[in-house]
Amino acid sequence: MAAKEARSVGRVPVCLCVLCGLPAAGKSTLSRSVCCTAARRGWRAAVVQYDDLIPEHAFHPKVVEEDVHLEEMHTEWKFHRREVLQCIEQFLQRSEVTSEPQSGCRINRAAWERCVQALPNSPPDPSQADQAPLVFLLDDNFYYPSMRHEVYQLARKHSLGFCQVFLQCDLETCISRNQRRSEPVPTEVLLEMAKRLEAPDPQKNSWEANSISLHTSDHVPECDIQRVMGLISSAVTNPLSPVEDNAEQKEADRQKCATSVVHQADQACRRMISDAMKTARENQVQPEHMRSLATQLNESKARFLHNLRKQFLQESPFTLGDDIDVERVVKKAVDNFDDDRKELLFRITNYRD
């Protein structure tokens, strides 16, 4: 049934293959090799290169101070990424395949046309069970799991094959290769990306099970190309199944996500309380006032965590695995607790009998 559904969207077996890794790790080189190998097998492959499709200003927006503007810039960047996936989805859904993106789409039209120019101009006969696979190689850094999960969601929605290839290249090599490019990524951006990069982790995220890692500091051997082809072939043969709208599961996922947020906030608050008590001791606060400070801080923390969980569940419509920046949510919430902590500490350290 799943294999039949996989053919119903794009008329042929389709696979979305995520290529992730640092800039200059070798993703573009790998994608060219895979395309050549795919062509020899009679497969059709298209390289979806995010750097070409997304406008430059979305990657390197003008830096401003106001938080609201920073949030708007982050939202715009995410919006462009999702438009790339929407173009793929629209391409697969149309009864007559065309390279034209939807009207109003803000991705680079010329780049999209180049992306799909090697693909068939009309859908093959769906009655043929042995149609050659259609492979989309998504070439981007994909340094957060949430970025990759959006691709997984699209594949699951339409019963497509899904797999991931992580290009593991040491930082020094990436920097050296990047500097030789005609338009290099700023080194400070590359260094920051290396800090944030989260490689596929099937033990943490079960949806990343169909993933492999390649060491690309040196030349990628033919055996690794064949490993990638085998991974794609397996994904094509075993497309994902759509998940039913399960209200109970969604609620369980929301509760689990809320628990994660509250747990991280609790750890941050404990560190803040410890720092506050240390400051009080350094200011030679009397023992009875130290006890009072500890009690008030812990009571404040308990109220804060209770309200945080309640507010998160009421205001966040997300389910587990959706694109939630937990770190940002926690930091924003903990800043409120920190204000209370500072006020309590100020009153205690400035208390006079």
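## Buried residues and an unusual backbone angle

A residue is called buried when its relative accessible area is under 20%, and exposed when that area is over 50%. With that cut-off in hand, we can start our tour of this structure, which is a predicted model. F142 has a relative accessible area of 1%, so F142 is buried. This residue, F142, sits in the loop between β3 (134-139) and α7. Its backbone deserves a look too: F142 has a positive phi of about 45°, although it is not a glycine.

Which other non-glycine residue has a positive phi, of about 55°? That is Q284, found in the loop between α11 (247-282) and α12. Is Q284 buried or exposed? Q284 is exposed, because its relative accessible area is 70%. Both residues therefore sit in loops, F142 on the buried side of the cut-off and Q284 on the exposed side.

## Around helix α7

Helix α7 covers residues 145-157, and the loop that follows, leading to β4 (161-168), holds H158. The relative accessibility of H158 is 9%, which is why H158 counts as buried. What does the side chain of H158 contact? The side chain of E89 is its partner, in a polar contact of 2.6 Å.

Y152 lies in helix α7 itself and pairs with F162 in strand β4, 10 residues away, so that the pair links distant parts of the chain. The ring centres of Y152 and F162 are 5.4 Å apart and the planes meet at 80°; because that angle is over 60 degrees, the pair is edge-to-face. Y152 counts as buried because its relative accessibility is 13%, and F162 is buried with a relative accessible area of 3%.

## More aromatic rings

A pair of aromatic rings is described by the distance of the centres and the angle of the planes. How many aromatic pairs does a search of the whole structure find? The search finds seven. Besides the pair just described, F304 and F337 form one that is tilted, with 5.6 Å from centre to centre and 40° between the planes. F304 belongs to helix α12 (residues 287-315) and F337 to helix α13 (residues 326-349); with their positions 33 residues apart in the chain, this pair also links distant parts. F304 and F337 are buried.

There is an aromatic cluster to look for as well, formed by F91, W112 and F136.

## Nonpolar cores

In soluble globular proteins, nonpolar side chains tend to be buried together. Here, the largest nonpolar core has 66 residues. Which of its members touch the most other members? They are L30, I88, F136, V165 and I232. F136 is thus a familiar name, as it also takes part in the aromatic cluster with F91 and W112.

A second core is separate from the largest one and has 28 residues, including V261, V262, L308 and L313.

## The second largest pocket

The second largest pocket holds about 300 Å³ of space. Its lining is made up of 15 residues, and those nearest the centre of the pocket are V47, Q49, D52, R114 and C115. Which elements give two or more residues to this lining? They are α2 (27-40), β2 (44-49), α3 (50-53) and α6 (109-116).

If you sort the lining by class, you find eight nonpolar, four polar and three charged residues.

## Spatial neighbours along the chain

Strand β1 (residues 14-20) is the place of C17, which is buried because its relative accessible area is 0%. C17 and A235 are 218 residues apart in sequence, while their C-alpha atoms are 8.8 Å apart in space.

Helix α8 (residues 171-179) holds I175, and C174 lies in helix α8 too. I175 counts as buried because its relative accessibility is 17%, and C174 is buried with a relative accessible area of 0%. From I175 to P186, 11 residues apart along the chain, the C-alpha separation is 9.4 Å. For C174 and T216, 42 residues apart in sequence, the C-alpha distance is 9.8 Å.

How values were computed. Residues numbered from 1 in each chain as written. Heavy atoms only, no water. Helix = DSSP H or I, 4+ residues; strand = E, 2+ residues; numbered from the N terminus. Buried < 20%, exposed > 50% of the residue type's maximum accessible area, 1.4 Å probe, protein only. Polar contact = N/O pair within 3.5 Å; in protein donor to acceptor, adjacent residues only side chain to side chain. 1 Å grid on protein atoms, 1.4 Å probe; cavity = no way out; pocket = protein on both sides within 12 Å on 5 of 7 lines; lining within 4 Å. Points joined across faces, edges and corners; volume = space filled by probe spheres on them. Nonpolar A, V, L, I, M, F, W, Y, C, P; charged D, E, K, R; others polar. Core = buried A, V, L, I, M, F, W, Y, C linked by side-chain atoms within 4.5 Å. Phe/Tyr/Trp six-rings, centres within 6.5 Å; stacked < 30°, edge-to-face > 60°.
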